Every structure is written in C-alpha cells, then in structure tokens.
Amino acid sequence: MYPESIRNLIEAFKCFPGIGEKTAERMAFSILDFDEEKIEMLEENLKVAKEKIHPCPICNSLTEKEICDICQNQDRDRKTLCVVEDSKIVFLFEKLGTYKGLYHVIAGLISPLDDINPEDIGLQKLLERVKKEKFSEIILALKPSVEGEITALYIKKILEGMDVEVTRLASGVPIGADMEYIDSLTLERALEDRKKIS
C-alpha cells in the first residue's frame, strides 16, 4: 500500500478528465523525481493560470486580457459566428488557421438525462449577442452526439425569424473507418450531408 501522501497525490491527478488510476500513479511517481526547480515552476504556473485566465465577456472563450484577441481583432469576419461548446474547440480551430470569423462559447450541451437545460448553458447571452451584432451566418460546431443534435436544434429554433443563416459542420464517416463499427447517428448524418463526387 502506498504512503498516504502518494495516495493523496494519485487521487489529485485522477481529478483530471481522462486520467485513470494507472496514469495518475505514473504522474505521481514522475512528480517525486522532479527537482525543486521543476516543482516550483509547476506550482507557479498552476497559480498564475488560475489567477489570470478568465472568460472573455463577449465570447466566453478563455483569455488573460480584458477582452480576448479574437473579439478585439477588427480584421476578423464580423458577420460569421461559430458556436462551440468549449474553449478548447476555439483553440483547435485557431491552430488550423482556416476560419476567420468570430466565436461564441456556450457552457456545454443540453442533456435532459443529466438535467442540463437550455438556461444552464448560457443561450440567452448568445441570443442577445446575435440580436446586437447582426451576423449573417451562425455556424454550429457542436459535438456530433444526441446532446449536440438537441442543442443545435434548440439554437436553430430560438434564432428563427432573425434573418440569420444557421449552418452546422458537415460530419460523417471518418477516412479509414470500418463501416460496421460506425454508430447510427454518424451514418445518418453522413447520409444527410452527402456530396456529389466532382
């Protein structure tokens, strides 16, 4: 049995998403091998990130500044808004470098089974922003899941009559995937979003 301080460290690492017992154990033992300088650097960076990072008051993405760089950038396409469920998706799109519009981060997805309702994910703020900023297109870049579908349909419904085109990312069968292992929702979306071979 591990000493209590190591057990506590393992439990702390298990708080991270996707980290199970074995990975948490490896991380804990790695920390024990760190020299004092590395420990101080880790401690300082955790503290600084927690103190400085906050949601942008306009788009809800994470930033250190009063307003994030994307919302401040006047060279962005200010007629297109991409709605995502998590700030990590914003950074993923920005790494790709192909999307030049603005973003809006909602607080997750509607999930009746988990008692997460439309008012719990900040859709009122999205609605107010769309009314104020007069976008011509709203792109729904939400997870291709039942919850993502429910959320997309709900957003489309609340934006009806607002003279804005609502689109969603194409999704379908991944390259190299074995058809028999693809879930029914993915297959259904792949059929709906099919394209002509050019």
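Q: Which residues of helix 5 (residues 87-96) are called buried in this predicted model, and what makes them so?
A: In this predicted model, Ser 87, Val 90 and Phe 93 are the buried residues of helix 5. The term applies because the relative accessible area of a buried residue is under 20%.

Q: How do you know on which side of helix 5 these residues lie?
A: The buried residues cover an arc of only 115 degrees around the axis, and therefore lie on the same side of helix 5.

Q: What makes Lys 88, Leu 92, Lys 95 and Leu 96 the opposite case, buried or exposed?
A: These four residues are exposed, on the other side of helix 5. The word exposed requires a relative accessible area over 50%.

Q: Against which elements do the buried residues of helix 5 pack?
A: They pack against strand 2 (62-63), helix 4 (69-72), strand 3 and strand 4. Contact here means heavy atoms within 4.5 Å.

Q: Why is Asp 86 said to cap the N-terminal end of helix 5?
A: A side-chain oxygen of Asp 86 lies 2.8 Å from the backbone nitrogen of Lys 88. A polar contact requires N or O atoms within 3.5 Å, so this pair meets the distance limit.

Q: Why are strand 3 (residues 77-84) and strand 4 called a pair?
A: The two strands share five bridges in the parallel sense. Pairing requires at least two bridges, so the criterion is met.

Q: What makes strand 4 (101-105) and strand 6 (165-168) edge strands of the sheet?
A: The open sheet has the order 4-3-5-6. Strand 4 and strand 6 each have a single partner strand, so one side of each is left without a neighbour in the sheet.

Note on methods. Residues numbered from 1 in each chain as written. Predicted model: local features only at pLDDT ≥ 70, side-chain atom pairs only at ≥ 80, totals over all residues. Heavy atoms only, no water. Buried < 20%, exposed > 50% of the residue type's maximum accessible area, 1.4 Å probe, protein only. Arc of directions from axis to C-beta. Polar contact = N/O pair within 3.5 Å; in protein donor to acceptor, adjacent residues only side chain to side chain.
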